[in-house]
Amino acid sequence: MATKEQNKALAVVKWVSDKAIDGTGPLSSAHDLADEYLLDMSYPDQESRIDALINWETTKNFTSGFLSGLGGVLVLPFSLPAAFAASWLIQARMAAAIARIYGHNLHSDRVRTFIVAALVGDSVKDIAKASGITIARGLTKSVVDQVPGKTLIEINKRVGFRLLTKAGEKGAINLMKGVPFAGGVVGGVFDAAACRFVGRRARKLFRQSKKPRKRLKRPTRSKRGVGV
């Protein structure tokens, strides 16, 4: 039977994935966000699209006014600072858009789990490994489809616990956010750096790995000289 803490961790993951992927308030859905880049033919390839996406979403995370405005319309099912939750939604929506650009199905519970897992950065490797999954080379569609349901729940719990722990941490950044002007700048830099890090992690997670090309053997020259 799940404990109260485990239920809270699962609720955090579900809330973030639902709101980030399906959209909420002023934020469009992750599908719509990804389509903005997929339909723009000015980008030479998918990697260029994702570069632009990460840069733009990082700018949003730096703007404390945007986060405050978004946080004001959020209805949270748990005790958590609204600005913190708003930052998570922007980052998770970006991770979901990256997954879609790489061809993953956002309706899949498995994909949605790893979208939120991208928020914990490199810790996702340890979480996956502890749950019996190796993702050193990223998540191909075949790997995602093979994740058992019980393992998925375990990953959700671990990710939820990491997020709640991160939200509850007290440090210099949290204290500085209470200082006028300086708090906004420091907080903005911190949130922007976190957003860019999440974007890079999502790129590594969802990029479809390519099989190494086989080297072609060079044709051997005839021992006879030309014209002989």
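Reader: Which residues are linked with K14 in a network of salt bridges?

Author: This is a predicted model, in which local features need pLDDT of at least 70 and side-chain atom pairs count only at pLDDT 80 or more, while totals for chains, interfaces and linings use all residues. Residues are numbered from 1 along each chain as its sequence is written, and side-chain values use heavy atoms, with hydrogens and water left out. A salt bridge here is a side-chain nitrogen of Lys or Arg within 4 Å of a carboxyl oxygen of Asp or Glu. By that rule, the network that contains K14 also holds D18, D22 and R112.

Reader: Why are K14 and D18 separated by about one helical turn, and what is the N to O distance of their salt bridge?

Author: K14 and D18 are separated by about one helical turn because they stand 4 residues apart in helix α1, where helices (H or I, at least four residues) and strands (E, at least two) are DSSP runs numbered from the N terminus. K14 is exposed at 53% relative accessible area, whereas D18 is partly exposed at 24%; buried means under 20% relative accessible area, exposed over 50%, and partly exposed in between (1.4 Å probe, protein chains only). Their side chains meet in a salt bridge with an N to O distance of 2.7 Å.

Reader: Which residue in helix α6 forms a salt bridge with D18?

Author: The closest N and O atoms of D18 and its partner R112 are 3.1 Å apart. This pair links distant parts of the chain, since D18 lies in helix α1 and its partner in helix α6, 94 residues apart. At 12% relative accessibility the partner counts as buried, and the residue asked for is R112.

Reader: Which residue of helix α2 meets R100 in a salt bridge?

Author: The side chain of R100 takes part in a salt bridge of 2.8 Å, N to O, with D35. The pair links distant parts of the chain, with R100 in helix α5 and D35 in helix α2, 65 residues apart. R100 is partly exposed at 27% relative accessibility, and also partly exposed, at 23%, is D35.

Reader: What distance separates the end C-alpha atoms of α1, and which residue follows that helix?

Author: The expected span of a helix is 1.5 Å times one less than its number of residues, so the 19 residues of α1 should span 27 Å, which agrees with the end C-alpha distance of 27 Å. The buried residues of α1 include V12, W15, V16 and I21. The helix is followed by a residue whose phi is positive, near 90 degrees, and that residue is G23.

Reader: How many residues does the largest nonpolar core have, and which helix supplies the largest share?

Author: A nonpolar core is a set of buried Ala, Val, Leu, Ile, Met, Phe, Trp, Tyr and Cys residues joined through side-chain atoms within 4.5 Å. The largest one has 52 residues, and those with the most contacts inside it are V16, I115, V159 and F206. Helices that each supply at least two residues of this core include α1, α2, α3 and α11. The largest share, 13 residues, comes from α5.

Reader: Is V111 buried or exposed?

Author: V111 lies in helix α6, and its contacts, meaning heavy atoms within 4.5 Å, include A99, L106, V144 and F206, not counting residues up to four places away in sequence. The C-alpha atoms of V111 and A99, 12 residues apart along the chain, are separated by 8.0 Å. At 3% relative accessibility, V111 counts as buried.

Reader: Which element has the lowest mean pLDDT?

Author: pLDDT is the predictor's confidence in each residue, from 0 to 100, and the protein chain has a mean of 75, with 64% of its residues reaching 70 or more. Over residues 170-187 the pLDDT stays under 50. Where pLDDT is low, the predicted coordinates should not be read in detail. Helix α2 (residues 30-38) has the highest mean, 96, and the lowest, 38, belongs to helix α10 (residues 172-176).
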